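Hi,

Here is the model I said I'd pass along. Have a look below, and then read on for what turned up.

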Amino acid sequence: CRRGQRLGGWRVGEGWFGVNHELVFEIGTEEIPSAPLNNAIEQLAVAADVALREARLAPEDVRVYGSPRRLVLRVTGLAHRQEDVTLRVRGPAVAVAFDSAGRPTRAAEGFARSKGVDVSALVSGEDADGAYTFAVTEHRGRPASDVLPELLAKLVTGIEWPKSMRWGSGEERFARPVRWLLALLDSAVVPVRFGALVAGRTTHGHRFLGPGPIDVPTAAEYATACERGLVLYDQRRRASVVREGIEAQAVSAGARALAPANVFDEVVNLVEWPTVATGRFDAEFLEVPREVLVSAMQRHQRYFPLEGQDGELLPAFIVVHNGDPARTEAIVAGHERVLRARLADAAFFYREDLTRPLEAYVARLSDIIFHERLGTLAQKVARVEQLTALLAARSGAGPDASAEAARAAHLCKADLTTQVVVEFPTLQGVMGRHYALVAGEAEAVADAIPEHYLPRFAGDAIPASLPGRLVSLADKLDTICGIFAADMAPTGSADPYAVRRSAIGVLTIMLAGPRVPLTDAVSAGLEGYAGCVEFDRDATHAAIVEFFSGRLEVMLRDRGHAYDTVDAVLGVAADDPADAHARCEALTGARGRGSVMDDLSVAFTRAKNLSAPELGAEFDRSLMGAAELTLADALADAAERASAAFAANDYDKVLEVLAALRGPIDGFFDSVLVMDSSDVLRENRLRLLNRFVALFSRFADFSRLTA
């Protein structure tokens, strides 16, 4: 049976009948940026696997590769045709589908028509819901070669890009113009259509080094064809080549390459036939701060700086180029010229910045708008200074830390107006620290300047110093309060001012300390906007506190605490994130020790069910019997010991004290009829229970625990 023949009505697409096939599908494009390319690879891998399995083609292995000019789908073990299936679809109930004479009703006729069968073909059957009609249809599998053109075309259009574009006169959209399509099922072309393009068996090699169009005989020979065209389409192989090249060049120079993952991954996706080499720059540029040089090389040029065994930066860098390996020397010389110009600019900006102290740049913040409704950066800094002082006072910071925080708050944004930061925005804070030290500021003040941007995202480090934490809290709180006051709070997934990220930063710092009441901090933050925007202070304050509470709830649950544990604790301790976390830790531990939690739960529930808060908690001992006095004495002792434990933040001890009240409360209920017919006795006993519940409620709202 040769390709193209039919056997028993089944067309054999490729190879011998019953043999699984190999598919390669290549989308050839203009250069796609690195991040969108990685995202497309992930999307296509998932979408292709799902689509092929839903099409009943049962692939053994689905892999997606990518380089700047191509996305490649490779599938092995693909079925030669779809699996046959029998579908049994339930329709209307038998009583509805047929009348008393057994004739089909309109319901039966409509159902049969919708399923493409004659009404006489409907069958009756029983399922868990009763007697129903069913339509049974046989779906004969189609050859893979018939299924794939439409399936692959949908994969192309289904890729979601952050930004897409149109080209020529067509309406098709993609990250970059699509220039060719290749689709082979074994040796047969799959005629996939996308716009004016129809897939063939021709790929294209390296833009500069490849021999031009390359015909690919079979899917299995695709990799060989790409190698002939000087293309490494497999991003993992390219990464391996680049990594080994960097290591070899670094070892040769007796140095270590600075190759952060984000820059490395981007470089891998900038080349199709990588060559790794070392370039040099003038040693005089090493007078410029290390961060400036590293930023210029990594972020601007995608080079990898080299540092010596002593950790000092060397006047050398590693470059990965996509040109002719034979012309590497000339290519490196070109990169050296480009870097020399970049570093010369950086050195000039740096020297110009040093002509005046950092303090001189503060006044320039009046020329930068923080937000059109919230004033300039100078106004923001003034608010941050005021808020920092208040937070320092409320946190109990000493005079030295308070003074350092105040000075850091004053200088924290000054470097935004320097020439180096304008040219290298990612160095904000970093250059502020450097310029502060050069100007003679205290080291603690200088350190707090870059620290006040931390944490920048979930999981990021928090400021190491107390001044840094205070300024960071003030800066983020000011932004949050301003955005809420201007009625621009985040809604749904829309958060253009990253308020959620700022709130998580505030809470992360507060969880580690300093401890500042959230309600007070928000009040102080809103105070700074009193004359700036019109807003309902009480409503805005409540909205911000609720916003923080929602973020804190998520953070505590992410740290492993059950939802009802968090709910119970936040019912009484939401104003102090660090305290709330400590209580959750203790309560989660108690819930892991069943006997302790049983005592807590039973004791609280029995008292809570009968308590009457409106009566207060002042009872008359002269009206009490023995069991009541026993409980009253146990409560007094427990309250004293719990207060000491609360003061020491020893919440395990607090729960131990509360759990020990199980015996006295059981004895009370066993001996005393709370709902006595005497109003005086009944209300006195209820006041005793109120005091019992109040002691528990100092720790958490136990009524919110589900079990």
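Helix 17 covers residues 499–512, so numbered because helices are DSSP runs (H or I, at least four residues) counted from the N terminus. Its 14 residues stretch 20 Å from first C-alpha to last, close to the 20 Å expected at 1.5 Å a residue (the expected span being 1.5 Å times one less than the number of residues).

A quick word on provenance: this is a predicted model, where local features need pLDDT of at least 70, side-chain atom pairs count only at pLDDT 80 or more, and totals for chains, interfaces and linings use all residues. Residues are numbered from 1 along each chain as its sequence is written, and side-chain values use heavy atoms, with hydrogens and water left out.

Back to helix 17: 10 of its 14 residues are buried (under 20% relative accessible area; exposed is over 50%, partly exposed in between; 1.4 Å probe, protein chains only). Among them are Val499, Gly505, Leu507, Ile509 and Met510. The cover over these buried residues includes helix 16 (466–485), helix 18 (518–527), helix 19 (537–558) and helix 21 (577–592), going by contact, i.e. heavy atoms within 4.5 Å. Right after the helix, Gly513 has a positive phi of about 105°.

On the cysteines, there are 0 disulfides (a disulfide being a pair of cysteine sulfur atoms within 2.5 Å). Cys481 can't form one because the closest cysteine sulfur, in Cys532, is 12 Å from its own, too far for a bond. Cys481 is buried at 0% relative accessibility, whereas Cys532 is partly exposed at 34%.

Cheers

How values were computed: Helices (H or I, at least four residues) and strands (E, at least two) are DSSP runs, numbered from the N terminus.
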